Amino acid sequence: PHLHIPTVLPWSAETPNLYSFRLQLRGHDGQCLQAECCRVGFRSVSIAGLLRISGRPLVVAGANVHEMHPVRGKALREEDMLKDIEMLKRGNFNAVRNSHYPHSLRWYELCDEYGLYVVDEANIETHGFTLNGMISLLACDPDWRAQFLHRAQNMFRRARNHPCVIAWSLGNESGWGPNFQACMDWLRQADTQHRPVQYEGGTANGDAVFLCGDGETKTSDLVCPMYSSPEGCVELMKKNNRPLVLCEYAHAMGNAGGSTAAFWNLFWSDQPAHLRTQGGFIWEWADGDIMVPPSVGAPRSLPGYGGDFGPKSGTGDSHFIVDGLLFSNRTPHPSYLEAKRAQQPVHFRLVRVGGAAGSAHASVEISIHNRHTFRSLAHLEFVWKSCDACGSSASGVLATQFGKSTEPVEVSFHIPLPKTDLARCGVWLSLQARLREDEVFAPKDFVVAEQGFTVLQPDRLESVKGLQAGAEAKCLGSMSPFYDPRASIGTPLRSEVQTNTVGVVTARGYQARFDDGKLTSLSAPGGPELLESAVTQCFARAPTPNDSGGADFFQPVLGTAPLVGRIADHLGLLSHFRSWSNAGLYDLKANLVSQEWERVPGVDPTLRVKERWRSESNGRVLFSTETRYRCGPDDITLSVTVVAEAARRLKTLPRIGSHLSLNAGLSQLTWVGCGPGESYPDRKAACDWGVHRGEVDEQHVDYLVPCESGGKADVHWAVLREDAPDGAGLLLSYVCRDEAPLVERLGASTGHRAAGAAGAQFSVSRWTSEELLKARHSYDLPCWNNDKARRSRPIQVHIDTAHMGVGAAGETPQVVWNISPQYLVCPRKPWTYELRLKPLRA
């Protein structure tokens, strides 16, 4: 029977309105014989050109969720489920795919209550058959038809009445055949709500597959590919009229999350060709490591992965299950914060900045766009905060009222400006949308959405001279409060060159020593030594999981057998790390070619050094460099030119830059660049460009598998100082007059710097790249669990003029590990850049 219930409030993930439904069986005398009660929600799911909830187009901000706990394994408690739901809602996720099996019944009830869309998935997977190219075998075998149907029917019958369930998935990575079609036909006949049925394992032509499907399963209601790139999604939409929702994308293994913003620029796009790309489910929600005892008989207190449970315990998969947006203890990876920003349901745009030069205030006009499907912005309070380069700030609340319209609203207000020359160093604005009241997933004032803008651009350190007409430089630097170029004019400097290999320079602002063509000592007058070892060039990074991802991850022989390795590399199947290692990138040694002091009256003395970087394992010269150390009155400028020699054969390079090992006491960090969190060329949407501060030890991201981490993209200058009000320190300023890299866009090609790079890639760490490379776990790093000993270790600083992205863009041949071509570093052209070192007096 059908009931008509007037004026109900619809259920959605944004407004999870539920009603109590009670059904009684009464006897002839009216007495209740049996009663059942449950909570129900009212909504419709349809496909009318687009995937719609209660008639409105949906953008799916989803994650693939496994039932997994680092101590209890599959035995989840309700508090574990609630923690995941809390973090999902706080991260602006609105959907989950139950990968790869139906979950606990309590999970569906909580998703109903808290508001999450669910794609429920049948417990069907024949992934193991990929080893012999017969993944479709069981799907085509009539003897298995009843088993396939049994699992699809069980999934449906236990979850059909939950409003959170908006689609059915037939399974995961199991090929295609008549048995799946039988499941699809049964679900469509049984489900009176007509919810979509999806499956990724088939192909557009409807044939069985040997390995993997393409997400275009002929009879699937949704195009639901795995690991298509943003460009691949656009191509899929050209040949399909069905909505596209990626069942897996942005593989979040370790330092990853690259191209997340590119996906969401596509999902939010209102271009007609992009409307049917309606989101997807990131793989995966949380790291799947399990706690292990550090020794026999000890408590299970350290996270472990394949190989940590015995000599043959999952060594083939290794750390492939450590691939979540969250650590296993449910604290966020940086990729979680990137997803939160990309998915946020409020969009801010800076429309205009006004105000006369030298005025006390600037007028600011911004646009606020509501991206919710059902909800207005009335539950949010909008707050602004301005900040100058020294950290002085002002803040206020926007008094604008928002109705139910989804059209952008423009708001104007004023912010104060610095009254001194400090305005030359930049002024920044941050906007936040905060909860007005407590909600079930977060307290009052929780930040739902935010965005930063540069209100006053810092003055440039350098002019545009030397550039071709119409060309833009990559980075002409930014004025910092610690540096005034006018102070250097007409200042005397005394220098001594003692021998051909040793030089000592004494200037107004520093004393420096050069040994064999390298800067080995630097200090301010009366200040501590700043350098722990010589300043040098660096071309390798501790590999990220995506750097190490390729066919050789599962079959190491592919990377070590010369002939097989060359073939795999040519086909694009070899990991970047293996290609770099085979080329000799990880055992380079600098060979001094020449060094010469240049002295011209009235000009700063300059040391010119040429080096060739040779691999100790294969004898090849991979790079040649020329560094000119110009010794000014207050700072030393390194002008560096790098030319790839044998390294030209590589598809991409991890980094091109300088490495400094600094005094352990310089623990306080200030920088102008992306921040405050970890960012890289292809993952920086969540890190606004501006002035940021923090401790050196806070910048390291403690990934379970150590790798390159803690980076800051687009840095113009950075200061490291002692932890004292008058502490000594070092100012590092970056300038690059090379032509600006390519603009970030879909389909952009590879350049000699990552697309969109507008400064240096910068990082600080207590561990060297070599130490990070050798450690299997974070807790294997030296002094990892000894704060005092760790803080006494030198600070490793990298300032890179070119740095590769971290990846997870999807698409063949490397699929889950793929780094979008526009964020690779092509070694075909020289790189030039300047690095200025200015000691700061106590």
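Over how many bridges do strand β32 and β39 pair, and in which sense? In this predicted model, strand β32, which spans residues 655-662, pairs with β39 in the antiparallel sense over 8 bridges. One position along this pairing can be named: Arg-655 stands opposite His-803 in β39.

The pair belongs to a wider arrangement. An open sheet is formed by 5 strands in the order β27-β32-β39-β38-β35, with antiparallel pairing. At its edges stand β27 (536-538) and β35, each of which has a single partner strand, so one side of each is left without a neighbour in the sheet. From one strand to the next, the twist averages 30°. Strands of a sheet pair through backbone hydrogen bonds, either parallel or antiparallel.

Some of these strands reappear in the account of the cavities. The structure holds 7 cavities of 30 Å³ or more, and the largest cavity has a volume of about 90 Å³. This cavity is lined by 14 residues, of which Pro-681, Ala-757, Gly-759, Gln-761 and His-803 are the closest to its centre. Two or more lining residues come from each of β35 (712-715), β38 (760-765) and β39 (795-803). The most is given by β39, with 4 residues. In character, the lining divides into 6 nonpolar, 4 polar and 4 charged residues. His-803 thus links the two descriptions: this residue of β39 faces Arg-655 in the strand pairing, and His-803 is also among the residues closest to the centre of the largest cavity.

A second set of paired strands involves β29, β30 and β31. Strand β29 (residues 606-615) and β30 pair in the antiparallel sense over 9 bridges. Within this pairing, Trp-613 stands opposite Phe-623 in β30. The hairpin of β29 and β30 has 5 residues between the strands, and in this hairpin Gly-619 takes a positive phi near 80°. On the other pairing of β30, the partner is strand β31 (residues 636-644), again antiparallel and over 9 bridges. These two strands form a hairpin with 4 residues between them. Here the bridge partner of Phe-623 is Ala-644 in β31. Phe-623 therefore has a named partner in each pairing, Trp-613 and Ala-644.

How enclosed is strand β30 by the rest of the structure? Of the 11 residues of this strand (residues 621-631), 8 are buried, so β30 is largely enclosed by the rest of the structure.

Two further residues show contrasting surroundings. Asn-94 lies in the loop between α1 (78-90) and β7 (95-98). Is this residue buried or exposed? With a relative accessible area of 16%, Asn-94 is buried, because the cut-off for burial is under 20%. Leaving aside residues up to four places away in sequence, Asn-94 touches Ala-13, Leu-58, Val-59, Val-60, Ala-61, Leu-116 and Tyr-117.

Pro-178, by comparison, is found in helix α5 (residues 178-190). This proline has a relative accessible area of 49% and is partly exposed. With residues up to four places away in sequence again left out, Pro-178 touches Ala-139 and Cys-140. Pro-178 can also be placed with respect to the hairpin glycine already described: Pro-178 and Gly-619 are 441 residues apart in sequence and 58 Å apart in space, C-alpha to C-alpha.

Conventions
Residues numbered from 1 in each chain as written. Predicted model: local features only at pLDDT ≥ 70, side-chain atom pairs only at ≥ 80, totals over all residues. Heavy atoms only, no water. 1 Å grid on protein atoms, 1.4 Å probe; cavity = no way out; pocket = protein on both sides within 12 Å on 5 of 7 lines; lining within 4 Å. Points joined across faces, edges and corners; volume = space filled by probe spheres on them. Nonpolar A, V, L, I, M, F, W, Y, C, P; charged D, E, K, R; others polar. Pairing = 2+ DSSP bridges. Axes fitted to C-alpha atoms, helices over the stretch in contact; angles between N-to-C directions. Buried < 20%, exposed > 50% of the residue type's maximum accessible area, 1.4 Å probe, protein only. Contact = heavy atoms within 4.5 Å.
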